[in-house]
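Biologist: Please take me through this model and defend the labels you put on it. I will keep asking what lies behind each one.

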Amino acid sequence: MESIQVPDSSGGRPLTRILQRAAREDDKGNHSMALNLIEAAREICWEQLHTGPWNEVDDAWREAFASTTLSLVKRRMAILDVQNNKTVVKEAKSSPRERKRKRDKSNDKDNALLMKQLHYIDQALMMSPPNSRPLLHKLAEEIHELMIKSVQFDTEPWADNDNDCKLHTSSSTERSCIRRVVDPSMIEFLSIMKKREPVLIVGAMKDWPATSKWRDLSYFRKTCGWRSIPVELGSSYLSTDWSQQIMVLNNFLDNYIRTPVKRQRLDKAPNNGKSIIDPGKKGYLAQHTLFDQIPALRKDILVPDLCALGDEDDDGEVKINAWFGPGGTVSPLHFDPEHNILAQVVGRKKVILYSPKDSEYLYPSPTAMLHNTSQIDVENPDDKKFPLFRRAQPLEVELRSSEMLYIPPGYWHHVRSLSGSFSVSFWFGGQSAPQLSSSDKNNCTDPKLDEESK
């Protein structure tokens, strides 16, 4: 195991001592003890990652967590290989029926162990810096291949859950009141960006493998079905019933994508602890860097060339997030500080947009964490509580498969899935988004908003 450098304070010295002892036990041939010590070292790293705000965690601890996880999983896989080789030798003396029974039992046990190792790796991938990921990616792919090597995958269409969202569907003749552009050139799009104009982009995803591959849910099962992902549970992140849970992607597909919510079965999530699937909640993989975690899916999408056009203060980074869920999932009214190209790969979404000029009518949350989120339920507004909202001028668009929506920085948007849906967002540039100015606040006639902005 390579040397790990972490701060001496806050657990650094105990970690170093444990790893040094693990190395000594290895030299003595006491590999079982070394394994236990490395697992203890990983636990120390885990605790450090959960001490204080995430953005204040030293990258050295993130790297240490990735390194100890990699070492731990490699050792467990080596032990599993040795055990399987011994089993093969013993089976040679058994009858065919007995060999099959033992093999089935062994496979079940092996898959449970492999699943646990994949879960460990995914934890590390979600928390580690980019330079720590390549070896974790390679090991995750190898383990996943072992788990699916004897599985037959049949074509699996998405569930037809449009009925859940009929009341929110735009008419087919007037599904968009924003301008539609066909695969715009860089010069044309630069003009659109400068005007901060939302546009519907068509014809720009024709070369994406995802537009065909992702229509078959079995593709996800084959590619990453046993990988662990973060899933939001509840109507939206503003709701009191909202929570998050790490679950295996196959379980997510079975309980939230393939089967309509009303027919969900209670089940145990295949992660640590006994967690019950709530049949009344929707599950949503939202704003997750899935493609950093699972590179195999990253190969199916293309970063739009348009993302190369940023503001003068743009650092050139394109942040890519996945949004994967059933019909009826909602992102409440909010704005982002970057340019956003929202690419709809599978399914349909209804997006309601408001200009930054309407910010004074949109009642931003008074809390610092949700300052970019409105308090208003756009689909069921409370006129008494938010009387100025009626002055805001909405733009509506129905975003369909293989279409993109450009959302300028600072533009408020509310998003509802009209069917099972997979979207990919590309955020770039635009750190200086228009905000609600002090003069706008002072001109506001609603005392409630005045009070909230203090």
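The exchange below sets values against cut-offs.

Biologist: What kind of model is this, and how are residues numbered?

Modeller: The model is predicted: local features need pLDDT of at least 70, side-chain atom pairs count only at pLDDT 80 or more, and totals for chains, interfaces and linings use all residues. Residues are numbered from 1 along each chain as its sequence is written, and side-chain values use heavy atoms, leaving out hydrogens and water.

Biologist: How many helices and strands does the protein have?

Modeller: There are 13 helices and 13 strands. Helices are DSSP runs of H or I with at least four residues, strands are runs of E with at least two, and both are numbered from the N terminus.

Biologist: What share of the protein is buried?

Modeller: Of the 454 residues, 51% are buried. Buried means under 20% relative accessible area, exposed means over 50%, and partly exposed lies in between (1.4 Å probe, protein chains only).

Biologist: How much of the contact count comes from residues 24 or more positions apart?

Modeller: They account for 77% of the contacts with a separation of 6 or more. Contact means heavy atoms within 4.5 Å.

Biologist: Why are helix 1 and helix 2 called roughly antiparallel?

Modeller: Helix 1 (residues 12–27) and helix 2 (residues 31–49) pack at about 165°, with axes 8 Å apart. The axes are lines fitted to C-alpha atoms, for helices over the stretch in contact, and angles run from 0 to 180 degrees between N-to-C directions. Under 35 degrees counts as roughly parallel, over 145 as roughly antiparallel, 65 to 115 as roughly perpendicular, and the rest as oblique. The two helices are therefore roughly antiparallel.

Biologist: Which hand does their crossing have, and what residues make the contact?

Modeller: Helix 1 passes helix 2 in a left-handed crossing. Left-handed means the near helix is turned anticlockwise from the far one by less than a right angle; clockwise would be right-handed. Helix 1 brings P14, L15, I18, L19, R21, A22, E25 and D26, and helix 2 brings H31, M33, A34, L37, I38, A41, I44 and C45.

Biologist: What is the character of that contact?

Modeller: Its residues divide into 12 nonpolar, one polar and three charged. Ala, Val, Leu, Ile, Met, Phe, Trp, Tyr, Cys and Pro count as nonpolar, Asp, Glu, Lys and Arg as charged, and the others, Gly among them, as polar.

Biologist: What makes C45 buried?

Modeller: C45 sits in helix 2. Its relative accessibility is 0%, so C45 counts as buried. Leaving aside neighbours within four places in sequence, C45 is in contact with L15, W61, A64, F65 and T68. C45 and W61 are 16 residues apart in sequence, yet 6.0 Å apart C-alpha to C-alpha.

Biologist: Is R17 buried or exposed?

Modeller: R17 lies in helix 1. At 52% relative accessibility, R17 counts as exposed. Its C-alpha atom is separated by 10.0 Å from that of L37, 20 residues away along the chain.

Biologist: How do you know that helix 8 is largely enclosed by the rest of the structure?

Modeller: Seven of its eight residues are buried, so helix 8 is largely enclosed. The buried residues are L217, S218, Y219, F220, R221, T223 and C224. Their cover includes helix 5 (133–148), helix 9 and strand 13 (421–428).

Biologist: What makes helix 8 and helix 9 roughly antiparallel?

Modeller: Helix 8 (residues 217–224) and helix 9 (residues 249–257) pack at about 160°, with axes 9 Å apart. That makes them roughly antiparallel. Their crossing is left-handed. L217, F220, R221 and C224 meet L249, N250, L253, D254 and I257. These residues divide into six nonpolar, one polar and two charged.

Biologist: What is notable about phi in Q287 and Y363?

Modeller: Phi of Q287 is near 50°, a positive value in a residue other than glycine. Phi of Y363 is also near 50°. Q287 lies in strand 5 (residues 283–288), whereas Y363 is in the loop between strand 9 (349–354) and strand 10 (395–399).

Biologist: Why is Q287 called partly exposed, and Y363 buried?

Modeller: Q287 is partly exposed because its relative accessible area is 45%. Y363 is buried because its relative accessible area is 0%.
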